[in-house]
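Me: I'd like to get the hang of the labels people put on a structure. Can we go through some of them together?

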Amino acid sequence: MAKLSLLSLLAIVLLSCNSLKKVEEDEYLVTKNLIYADSVKINNEEVESLIYQKPNSTVLGYPLRLNLYNLAKENPDSSYNAWLYKKENRKKRLEKLLSAKQVNRLGESFLVKGLSEWLKDIGEAPTILDTTRTRLSLSRLSAYYQGKGYFTNNTSYEIDTTKNNRKARVNYHITLGDPYMIDSLSNDISSTAIDSLYFLNSANSLIKEGQQFDLSNFNLERERLTGIFRNNGIRNFQESSITFDIVRDTVKSANDQKMNITLNIGDLKIRGENEVTTSSYKVEKINNINIYTDYLSTSTQDSINIIEYGDYTIHYSPNFDIKPKTLANAIFFKKDSIYRDVDKIRTSRQLNALNIFKYPNIIFEADSLGNKVNTNIYLAPKPKYSLGTNFEVSRSNLRRLGVGLGTTLLIRNIFKGAENLSISADGAYGLLSNNTFEANYFSEFGGDITLDFPRIWFPFINTSKIIPNYSLPKTRIAIGTSFQNNIGLDKQTFNTVLGYNWVPSDFINHNVELLNIQFVRNVNSNRFFNVYRNTFERLDDVADNYENEPELADFFDTESDPDNPTLIIPSGTTGFINAVENGIISTSTSDFNDVVRIEERRKRLTDNNLIFATNYTLNKTNRDGILDNSFYQFRWKLESAGNLLSAFSNFIPFNKNDDEQLLVFGVPFSQYIKNEFEYVKYWDLSHSNVLATRAFFGIAIPYGNSDNIPFVRSYFAGGSNDNRAWFPYSLGPGSVSAINDFNEANLKLALNIEYRFPIVGDINGAIFADAGNIWNVFDNVEDSDATFDSFDSLKDIALGTGLGLRYDFTYFLFRLDLGFKTYNPAEIQSERWFKDYNFANAVLQIGINYPF
């Protein structure tokens, strides 16, 4: 009730703010700009941006920043003095309590003066109508439409104050007239080399006869031609050499809106100290290619070793050594080939990707004839060794206090072929929040060794013919391990990866893990019911029905609470499960099924896992830079596990367990196929408002040597990047209530939509809706509430809605999301909608960066 009252009070304060508070009687607050072209309303952010005076920004239609600005006092000093002297003895009483000096300083304090300044900083002054700026906006609009071919357009404006005599809506009107059309195209090209290249590529021109005049097409055509020339030998081509003569055609008819276009491409201009000279453009060819591996070295010229390798002359410093083939694979200039800008870009990109050099410096020197160019590539090595450390303090519902420390040693160019070796180690130690274990502390430590090298390594195959060097090929070999103590079942893991990655363009990324081997060993599987308390409570509830059975007398703890005995862990839980499964005691069918399901889950989560997988991931996007808010991203991942080991079983006699599963090192290996699709789409709604959506579908199907998916490869629902109305692992599967501590399954569907908008400064807001769930399918789970049986199971898709706040720190974004359970499939049919839709049952999620 107190929270509701506080929110109501806040809402009343905000809604009662007067947006006209600082608007004088003879002024108008601009509330809206409307633009009409030939009486048609224009909704185009590019056109709207031409208006000088923008209405005050709003948050969901409410002028928050304006009202914050209005809350600031114009003269806080005068207000303070008026308050101070309002009562005759107020100042004297304050001086006795504080001192005269402190009373004066009180007027300079944040609450008196600083608060008003802060409100002005984060707020927004009212946009007062200025007709001078309105006329300037008309000039901009007229120039814009002239650039679209409407050279005879007329503009006017009107100010609408009918709704409120101190608020104004400005209507801008443009009468376009008939557009000018391109009637003919001609050209005047000075250089023979340019003339030839132009006509080879003229068919793709962006300027065509019969086309409406559009100035933007001329700019794009200039960029297109510049790129063609610079990638066909004209290294020093200047974009300013391209101009257009645009002449109205008055010969055919004085009334026709026709234009004749002449493309001019002049000669190269060379600016000297006192004059500008010109020369014809020429196609240049690469001559000598010199590579200086350590041009910042203080070594003398006599100590530098020079070798010839193919087309390259490599100048080695004694302080740095690298294999010549590695350099040759990273450089795309070839002797006697024509100069291409793309070769320069690819060379810089690949040399940077090696992560052993600072940004390369590429300099060209033309000979006296101007048709040959020497290429000098200057490189400066990064330090061979780099050491990084990280320190963190953490706290959670399981860890009262945790301290973590990690360190990474990077050794560059370790084998002289741009191979980078990374050795990392990390550990954590702290106190537990509960007495689940005998000890009250936990510890975790692990380490990884990773080797990266800039090529695709595959035995007996020359992969450079399939995957070119400009696609930044990389091979990664990694080995890692970790050990836990007093964390869950005290897992020990070992993993190794042999993977490849290549990026053929800025928009496509391929990743292949030829081998991804993971071994998970549960050291203390007897702790299962200590860790998974919800599962234990379910088993104990069933056991309560049979606590008087004499065969079970030793399985209950009767000393702690004689009136409510509980199963002893682990002897009592194990004994009770065996008694039920072996028919030692007689149970109901439902109790028997519950115990069997609990035991199946216990075995699955405590069994050691061996995953021998191969996977491929494709990432594709059309995003053009981090400021692009109108794009899509697509990710597809396909993973297969256990097939290679299964094939070996045809000629290697693997051992088997009681369930006829094949064993490798005494552990049944996992066998499954896993497929994932994810699609993200952003729409820029103008003024930093963005609509973002995501769709995800994933399924993992066990077969052969497995009848379920390992826990580490399963799906879960809920969390800060998923359905934010549920905590991680607490949603699903299906319509099952959150009966397990960690709910997971092998089929997942997720749909998200989020509207993002600015609030104040670097603070942004969001409204979101998250839908989805997880289910079991094609595995050993038989609970109909947890399995996806048909399309009728889609009724179990959960829906969470909520609000979010984000603070943009430039390098990362801090996120708070408050999610409400809008549709909860775990409830009975009549109570699924809005049952827990309140602050008491809301879920606060904390995240870094956007959820998708």
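Reply: Sure. Let's start with a cut-off: buried means under 20% relative accessible area, exposed means over 50%, and partly exposed is in between. Keep in mind that this is a predicted model.

Me: Okay, why is Phe-814 called partly exposed?

Reply: Phe-814 has a relative accessible area of 31%. The partly exposed range runs between 20% and 50%, so Phe-814 counts as partly exposed. You'll find Phe-814 in strand S34, residues 813-823.

Me: Which nonpolar patch does Phe-814 belong to?

Reply: One on the surface, with about 1,000 Å² of accessible area together. Its members include Ile-763, Leu-805, Tyr-807, Phe-814 and Ile-848. Strands S33 (798-808) and S35 (843-848) each give two or more residues to the patch, and S35 has the largest share, with three residues.

Me: Now Tyr-682: buried or exposed, and how do you know?

Reply: Tyr-682 has 7% relative accessibility. Buried needs a value under 20%, so Tyr-682 counts as buried. Tyr-682 sits in strand S29, residues 672-684.

Me: What is Tyr-682 in contact with, leaving aside neighbours within four places in sequence?

Reply: Among them are Asn-629, Phe-631, Leu-691, Arg-756 and Phe-852. With Phe-852, the side chain of Tyr-682 reaches the backbone oxygen at 2.6 Å.

Me: What makes the pair Glu-599 and Arg-602 a salt bridge?

Reply: The cut-off is a side-chain nitrogen of Lys or Arg within 4 Å of a carboxyl oxygen of Asp or Glu. Here the N to O distance is 2.8 Å, and the side chains of Glu-599 and Arg-602 meet in a salt bridge. As a general idea, side chains of opposite charge can pair when their charged atoms come close.

Me: Why are Glu-599 and Arg-602 about one helical turn apart?

Reply: Because they are three residues apart in helix H16, residues 589-606. Their labels don't match, though: Glu-599 is buried at 10%, while Arg-602 is partly exposed at 21%.

Me: How many salt bridges are there by this rule?

Reply: The count comes to 31. One of them joins Arg-756 and Glu-754, with the closest N and O atoms 2.5 Å apart. Arg-756 is buried at 5%, and Glu-754 is buried at 0%.

Me: What about Asp-817 and Arg-806: which strands does that pair tie together?

Reply: Their side chains meet in a salt bridge at 2.6 Å, N to O. Asp-817 lies in strand S34 and Arg-806 in strand S33, so the pair ties together parts that are 11 residues apart in sequence. Asp-817 has a relative accessible area of 0% and Arg-806 has 2%, so both count as buried.

Me: What joins Arg-724, Arg-756 and Asp-817 into one network?

Reply: Salt bridges that share partners do. The network also includes Glu-754, Asp-770, Arg-806 and Arg-815.

Me: Last one: why does Ser-19 count as buried?

Reply: Its relative accessibility is 13%. That is under 20%, the limit for buried, so Ser-19 counts as buried. Ser-19 lies in the loop between helix H1 (2-15) and strand S1 (29-37). Leaving aside neighbours within four places in sequence, Ser-19 is in contact with Leu-29, Leu-66, Asn-67, Asn-70 and Lys-167.

Notes. Residues numbered from 1 in each chain as written. Predicted model: local features only at pLDDT ≥ 70, side-chain atom pairs only at ≥ 80, totals over all residues. Heavy atoms only, no water. Patch = residues over 30% accessible without salt bridge, like charges linked within 9 Å, V, L, I, M, F, W, Y side chains within 5 Å. Areas by Shrake-Rupley, 256 points an atom, 1.4 Å probe, with all protein chains shown as cover. Helix = DSSP H or I, 4+ residues; strand = E, 2+ residues; numbered from the N terminus. Buried < 20%, exposed > 50% of the residue type's maximum accessible area, 1.4 Å probe, protein only. Contact = heavy atoms within 4.5 Å. Polar contact = N/O pair within 3.5 Å; in protein donor to acceptor, adjacent residues only side chain to side chain.
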